[in-house]
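User: I am new to this structure. Please walk me through its domains, its ligand site and its unusual backbone spots.

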Amino acid sequence: MIHKTSPEVGGMGHSVKRKEDSRFIQGRGNYVDDVHLPNMAYGHVVRSPYAHARIKSVDTQAAMKLKGVLAVITGEDLEKAGLSWMPTLFHDKQMVLATGKVLFQAQEVAFVVAEDRYTAADAAELVEVDYEELPVLVDPHHSTDPDAPLIREDRDEKSNHIFHWEIGDKQATDKALSDAPVKIKLSTVFQRCHPAPLETCGCVADFNPATGKLTVWETSQAPHAHRTLFAIVAGLSENDIRIISPDIGGGFGNKVPIYPGYVCAVVASLTLKRPVKWIETRSENLQSTGFARDYHMTAEIAADKDGTVKALKVGTLADHGAFNAAAQPSKFPAGLFGICTGSYDFKNSFCEVDGVYTNKAPGGIAYRCSFRVTEAAFLIERAMDALADELGMDPADLRLKNFIPPDRFPYKSPLGFTYDSGNYKAAMDLALKQAGYRDLLKEQAEKRKKGELMGIGISSFTEIVGAGPAHTYDIAGLKMFDSCEIRVHPTGKATARLGTKSQGQGHETTFAQIIAQELGIPVAGITVEEGDTDTAPYGLGTYASRSTPVAGAATAVAARKIVEKAKKIAAHLMEVSEEDLEWEPGKFYVKGAPDKAKTIQEIAFAAYTDPPPGLEAGLEAVDYYDPPNLTFPFGTYICVVDIDKGTGEVKVRRFIAVDDCGNIINPMIVEGQIHGGLTEGLGIAFMQMIGYDESGNVQGGTFMDYLVPTAVETPHWETGKTCTPSPHHPFGAKGVGESPNVGSPAAFVNAVVDALSHLGVRNIDMPITPWKIWRILNEKGQVV
Ligand code: CDP
């Protein structure tokens, strides 16, 4: 039972208004591009127009002659310093500036530094690169063809194949498939897409020759990890590097890796001994920086005639572009894709993934996603609909029949995860009720008779967030714990510092609420700081909805350490023994005599003015939290669509999202997270793809062709919640930020396929554009 604090204290469960919004709504946020330092220079990247070409020469003379140009750095210059390549976050390396050849369109070739941004951009046009075009590999299905061009000549393996990864029991799965009375096979693609955060990537690197200290303001979701990697790669002393992630305008995984622009700005600052700023343009961000997904997947399900599922077999081709720069735990080549059995009780499963290189920008990052859980959830939720279709069964009934029942938790999945807790039926029941599902089915049947196209799509996803237990999860060798340090000041106010980094999620509010809950100090008197490696304790950062499960847990545990010390001080102040004291958030009181009490403020003051003899002064604690397991939030989403037979336009009429993330810290913030993630899911399902033509030219490199949903396209989101606490988390919370992005694409697609299923349509790959639908309708003679 969580003690309910007063609204003034604002602990768990209060919709406290976001503390950080005060500066944002006044236009007083402090983003990287707001950093202006005296004598600052500006960098601009020269990029390749070709997807695959040998570099015959790079001529920088004309650029250097332009007034105001300070330096032009090439790959050869970096090579001399041993910096032309850098390690990626996943067992590969990546060119900082190209040497020898370029491997994708918009690859970084040179870095121009000038007195101002415009001169740097003009000078970049004057850098003359002589290219010799090479054959281009765009289609991952042809990566391992004998005549496919070899992309990575630098590797010992003379092949475009990166890895083969498999898990599960192949023999038992194959046997179940061959014995099963009912089988389905679904092939689908989760297209290459992009998080497109409002703020692009950038940095200001400031090497101070007087102190030998390098300060880098950076759009980083993981500043401590970046500091360590900068120290290792550049050979700098880690204590002389300070990474500051100021306000971040959306990250969604895009700001986890280290990009060449950051390294170039650092090299330029070290060379020129001046601060150097580099800020990406929108097109640079879309074309070259951290794509997501690009999974080409096939699922086979074996089932009984009554719909009981038996086995799941999954095969996937993963297009990683020119470098394997996936930002994910190092033991998991396909991230947490093994969660693909989802919410269902499969007895057997087998999953294999092959990663390949192509002439495309590197990735893939976990876009609002726990390392490929989005692809996994999409596949299983699409496949369950295909099975329902095959059986002629209602997709809700099929899911209800196969859900892992609540009494089976903790549940060991056939692909090796132990789900902490779940009650999938409760979420489904609530979603069906909120949607008025049975009435919707009747309405659909009537509309079909009239020739109208209406579809209902369901997705009952299981998530996996909060990496992770350090014995299994690390990024580039760094264990995935997280941290919080709390200092309670003499007047009973507090400052907390964490190893995470908010990019819009509201951590300054929610982490203060955790402390308010644990200590009874009002939220208004608690400051939360993140993102400065000189002050915050070491942590692995914010992505994959890990902040609440890991750093949130560290915050509660650190606060509980403070309560332990506060107890000794309270006993001293009230001259009673510690055993006689009872705690409720905000005060210790004597058992049986609640009026005899000392508040946390009185105790804090005494910690500095009257500590008990033998006890050190001060009231602070730090915790580095290593979670015993991940957390497994879940939900059921129901989407209702109408399709215009004249234009092929899909209108999302209703969308019901029931989420379960255990105990909630701030209901308003959680609601906001769900709205945002659903809107991103809408964009992915209907509008977005980073496509390539056969020459490797990016199609989707501007907001003219990579569309972002606006208020006009975005429907009203109807939300609901159930609460199944995590049994191992200190206050029963699970992460939530990515759930709507993970769960929604399948609901949208299932709804559209459902609207067209009576015409024989079984699959439509995203993005579902009006043109795609119109063509299908035209083929089926349905266009009016
Ligand atoms: O790691 P990230 O912050 O992106 O994801 P998260 O841990 O799911 O948290 C997103 C936001 O929702 C944070 O402000 C959390 O504190 C808040 N949240 C909450 O209020 N209650 C939960 N059970 C989970 C998250």
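The questions below go through these topics in turn.

User: What kind of model is this, and how are residues numbered?

Analyst: This is a predicted model, where local features need pLDDT of at least 70, side-chain atom pairs count only at pLDDT 80 or more, and totals for chains, interfaces and linings use all residues. Side-chain values use heavy atoms, with hydrogens and water left out, and residues are numbered from 1 along each chain as its sequence is written.

User: Which domains does the assignment give?

Analyst: Domain bounds come from an automatic or database domain assignment. It gives domain 1 (21–29 + 482–625), domain 2 (32–134 + 200–248 + 255–288) and domain 3 (291–466 + 629–779).

User: What area is buried between domain 2 and domain 3?

Analyst: The centres of domain 2 and domain 3, taken over C-alpha atoms, are 37 Å apart. Contact (heavy atoms within 4.5 Å) links 24 residues of domain 2 with 28 residues of domain 3. Buried area is the accessible area (1.4 Å probe) that two parts lose on being put together, summed over both. Carbon and sulfur atoms give 63% of it, and the total is about 2000 Å².

User: How many residues surround the ligand?

Analyst: A residue counts if one of its heavy atoms lies within 4 Å of the ligand. The closest are Gln505, His507, Ser547, Thr548 and Val736. Domain 1 and domain 3 each supply at least three residues of the shell. The full shell holds 23 residues.

User: How much of the ligand does the protein bury?

Analyst: Start with the polar contacts, pairs of N or O atoms within 3.5 Å. A polar side-chain atom of His507 lies 2.7 Å from a ligand oxygen. Backbone N or O atoms of Asn663 and Lys734 lie 2.9 Å and 3.2 Å from a ligand nitrogen. Taken alone, the ligand exposes 520 Å² (Shrake-Rupley method, 1.4 Å probe), and the protein buries 98%.

User: Where is the proline that follows a cis peptide bond from phenylalanine 409?

Analyst: Most peptide bonds are trans. The bond from Phe409 to Pro410 is cis, with omega near -5°. Helices (H or I, at least four residues) and strands (E, at least two) are DSSP runs, numbered from the N terminus. Pro410 lies in the loop between α10 (395–402) and β18 (411–412).

User: Which loop holds alanine 544?

Analyst: Most residues other than glycine have a negative phi. Ala544 is not a glycine, yet its phi is positive, about 55°. Its place is the loop between β25 (526–530) and α14.

Notes:
A polar contact is a pair of N or O atoms within 3.5 Å; within protein, one must be able to donate a hydrogen and the other to accept it, and residues adjacent in sequence count only if both atoms are side-chain atoms.
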